[in-house]
Amino acid sequence: MTQASRADDRLIVAMDVPNAIAGLKLAEQLGDAVSFYKIGLGMLTGGGLGLANELKQELGKRIFLDMKLFDIGATVENAVRGLAQFDLDFLTVHGDPYVVRAAKDGAAGKDMKILAVTILTSLDRQDLDGALIKPGEIKDLVQERAGRALENGADGVIASPQEAALIRALPEAQGKLIVTPGVRPTGAALGDQKRVATPAQAVADGVDHIVVGRPIWQSSNPRAAALAILDELNIG
């Protein structure tokens, strides 16, 4: 397999590194093996937007801005409109219907996809009880939230790979994206993720993109780690 064909954008590498300098170094190490990067809230004060722009405009990478926006509708709309000018690919917001509608209004006329967060993959039922979230199995709540977000215009959802098959089965999910964090290559440590799957399992369950961070950037050879995950994807 050639290196060019290895740039499979089903793999999104999470740049959960301290700052833009470290992010550029990681992108250099990964080279043409990776074409899609996620920049999250933790990077925002470390030059995250500047890094996103450089990766997009100078290196031709795709960018997923993981901000998980949540506020009153007018504020979400204005924030999304401002971010849309950077010509990014994906942006996350919380999956509440009014938030999704406001985000879509803010992204109007742009190609940036609005992805709705269902329930964070680091949470379990005990966490939801502590947050006063209504009773029920997490998989059922995720499916319900996903359906409502998609009905209200979301271009896709963020969900655990363990709920991906349930979401893909929804009529509202036809033609929509499912993006999953909580993916760990075979043998990797789980870290703070509680609802996980391997890359091959995630693809088999209908996931469009997987997000992988620590197993790549904490590796002594990030490029080799990324290529190994791509091999697992292709097995799937």
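This passage describes a predicted model of a single chain, first as a whole and then through one strand and several individual residues.

The chain of 236 residues has a radius of gyration of 17 Å, which agrees with the value near 18 Å that a compact globule of that length would have. Along its principal axes, the C-alpha trace spans about 45 × 35 × 35 Å. Eleven helices and eight strands make up the secondary structure of the chain. Of the 236 residues, 47% are buried, and the chain exposes about 10600 Å², of which carbon and sulfur atoms supply 52%. Among the contacts in the chain with a separation of 6 or more, 66% are accounted for by residues that lie 24 or more positions apart.

Within this fold, strand S5, which comprises residues 113-117, is mostly covered, since four of its five residues are buried. Strand S5 pairs with two other strands, S4 and S6. With strand S4, formed by residues 90-94, the pairing is in the parallel sense and extends over five bridges; one of the residues concerned is Leu 91, whose bridge partner in S5 is Ile 114. The connection between these two strands passes from S4 through helix H5, residues 97-106, to S5, and the resulting β-α-β crossover is right-handed. With strand S6, formed by residues 156-158, the pairing of S5 is likewise in the parallel sense and extends over three bridges, and here Val 117 has Ile 158 in S6 as its bridge partner.

Asp 8 is located in the loop between helix H1 (3-6) and strand S1 (11-14). Its relative accessibility is 17%, and Asp 8 therefore counts as buried, the cut-off being under 20%. The side chain of Asp 8 is joined to that of Arg 10 by a polar contact of 2.7 Å. When neighbours within four places in sequence are left aside, the residues in contact with Asp 8 are Ser 35, Leu 230 and Asn 234.

A second loop residue, Leu 59, is placed between helix H3 (48-57) and strand S3 (62-69). With a relative accessible area of 47%, Leu 59 is partly exposed, because this class covers values between the limit of 20% for buried residues and that of 50% for exposed ones. Leu 59 is separated from Glu 28 by 31 residues in sequence, and the C-alpha atoms of the two are 9.9 Å apart in space.

Positive backbone phi values in residues other than glycine are found at Lys 68 and at Asp 87. For Lys 68, which lies in strand S3, phi is near 50°, and the relative accessibility of 29% places this residue in the partly exposed class. For Asp 87, phi is near 60°; this residue belongs to the loop between helix H4 (73-84) and strand S4, and its relative accessible area of 41% makes Asp 87 partly exposed. The loop that holds Asp 87 thus leads back to S4, the strand that pairs with S5 over five bridges.

Methods: Residues numbered from 1 in each chain as written. Predicted model: local features only at pLDDT ≥ 70, side-chain atom pairs only at ≥ 80, totals over all residues. Heavy atoms only, no water. Buried < 20%, exposed > 50% of the residue type's maximum accessible area, 1.4 Å probe, protein only. Pairing = 2+ DSSP bridges. Right-handed = clockwise from strand over helix to strand, strands pointing away. Polar contact = N/O pair within 3.5 Å; in protein donor to acceptor, adjacent residues only side chain to side chain. Contact = heavy atoms within 4.5 Å. Rg over C-alpha atoms; globule rule 2.2 N^0.38 Å. Areas by Shrake-Rupley, 256 points an atom, 1.4 Å probe, with all protein chains shown as cover.
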